[in-house]
Structure formats: C-alpha cells, structure tokens
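Student: Could you take one part of this structure and look at it closely with me? Please explain each term as you go.

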Amino acid sequence: MRPATAADSSAVEAMILARSSWLEHRGMPSWRASAQDLAGQAENTDGSMWLLVEDSPERIVGCTTIQQQTPPWGWTEQELAEPADYLYSTVTDPADREHRPGTIIALWAVDRAAREGKHWVRRGCMFPGLVRYYETQGFKLFHEVQRTRNRVYLMGRRAEPIEELPRLFNVG
C-alpha cells in the first residue's frame, strides 16, 4: 500500500472503469459516472487515497480513501468521540478477485488504524450485498440511515494488529 499521487489518476480511473464494466455485466450499479471524480481523489494533497499496488511492473490493484474523522451523520455523539478512520471509495480490479484485494485493503486499514492509536475503522455503503461482503471482513453493521435518496449502511470494526498481513501482501 502506498499513498496515491496526481500521477496515478489515469491508472486509477482505468481500474475503476474495469470494475464498472464487471459490475454492469452483472446488472449491478457501477462507478462509471463518477470514475473520473473518484480517480481525482488521487490528487488530494493530504494523501488520503491509498493504493494497493502490484510490483514489477507496478500495477494498481485497488484503492481506498481514508478520512481521519467519521462523517457526523448517522453516528452517536459517543461514537463520534472515539478515534476512528473512515474508509470510502474502495474499488478493486476485478482481474485480481482471486487474491481478495478488497479484504487485503480492509485488513491493512484495520492494522494501520491500530498502529496510529485509533479505536475503529468505519465505512458506509448503499447496498445490502456490500454489507454482507464487509461482514466477511469483520465489519459489523451499526446503523442504517436515510440520506436524501439513498439508504446508507454504516459499519465498523475495531482497530487491531493483523498478524497475517505480511502473508496476505505476498499472494500471487
């Protein structure tokens, strides 16, 4: 995992479009309409977008964006007071599904948060299928909230060291 840079934008967009095609082929909503905007998060100067990359030659396998604060809507005041990272816009290349890059990114984020003294890693999604997928990564559903036109599922997982992380990064 490494921070994204502005130079990564076009490769991130290509990976997002590959995922979009995969989703559309299966009749699911995709990122296509927002691919360019999402890839533009690589240009954030605060380094909030992170990339899962494959070495030799370097290839972007996935991305996620980490916010240092949980968005204020949908969480209790007590939850908002707890130190947490918030993941959003996690996208992976469907060509690497067998290596479970989304799970690797999530576990890396849980481990990173623990090393930084955070108590939680939180995330939100709009699809029950993603809730089930994130539950396989150890996330728990805490809240369901209605945001304008979308129902949002708010999830969290305690930050903790992930002992098997080095092994997961050496798959393939």
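Tutor: What follows is a walk around one strand, E4, and its neighbours. This is a predicted model, where local features need pLDDT of at least 70, side-chain atom pairs count only at pLDDT 80 or more, and totals for chains, interfaces and linings use all residues. Residues are numbered from 1 along each chain as its sequence is written, and side-chain values use heavy atoms, with hydrogens and water left out.

Start with the sheet. Strands (E, at least two residues) and helices (H or I, at least four residues) are DSSP runs, numbered from the N terminus. Seven strands make an open sheet with mixed pairing, in the order E1-E2-E3-E4-E5-E7-E6. Strand E1 (2-3) and strand E6 (140-147) stand at the edges with a single partner strand each, so one side of each has no neighbour in the sheet. Two strands pair if DSSP finds at least two bridges between them.

E4 covers residues 84-92. On one side, E4 meets E3 through five bridges, and the two run antiparallel. Within that pair, Cys 63 has Val 91 in E4 as its bridge partner. With E5, E4 pairs in the parallel sense over four bridges. There, Tyr 86 stands opposite Arg 122 in E5.

Now step out to E3 (residues 59-67). Seven of its nine residues are buried, so E3 is largely enclosed by the rest of the structure. Buried means under 20% relative accessible area, exposed means over 50%, and partly exposed lies in between (1.4 Å probe, protein chains only). Strand E2 (residues 49-54) runs antiparallel to E3, joined by six bridges. One of the bridge partners is Thr 65 in E3, opposite Met 49. E2 and E3 form a hairpin with four residues between them, and Ser 56 in the turn has a positive phi of about 50°.

Return to E4 and pick out Thr 90. Which side chains make polar contacts with Thr 90? The side chain of Thr 64 does, at 2.5 Å. The side chain of Arg 123 does too, at 3.2 Å. A polar contact is a pair of N or O atoms within 3.5 Å; within protein, one must be able to donate a hydrogen and the other to accept it, and residues adjacent in sequence count only if both atoms are side-chain atoms. Thr 90 is buried, with a relative accessible area of 17%. Leaving out residues up to four places away in sequence, Thr 90 touches Trp 31, Cys 63, Thr 64, Ile 105 and Arg 123. Such contact means heavy atoms within 4.5 Å.

Thr 92 is also in E4. Its relative accessibility is 12%, so Thr 92 counts as buried. Beyond four places in sequence, the contacts of Thr 92 include Met 15, Arg 19, Val 61 and Ile 105.

Last comes the pocket. The largest pocket has a volume of about 1,300 Å³. Of its 39 lining residues, the closest to the centre are Trp 31, Thr 90, Phe 127, Leu 130 and Tyr 134. On a 1 Å grid over the protein atoms alone, a pocket is an open set of points where a 1.4 Å probe fits, with protein on both sides within 12 Å along at least five of seven lines; lining residues have an atom within 4 Å of a point. Grid points are joined across faces, edges and corners, and a volume is the space filled by probe spheres set on the points. E4 gives the largest share of this lining, seven residues.
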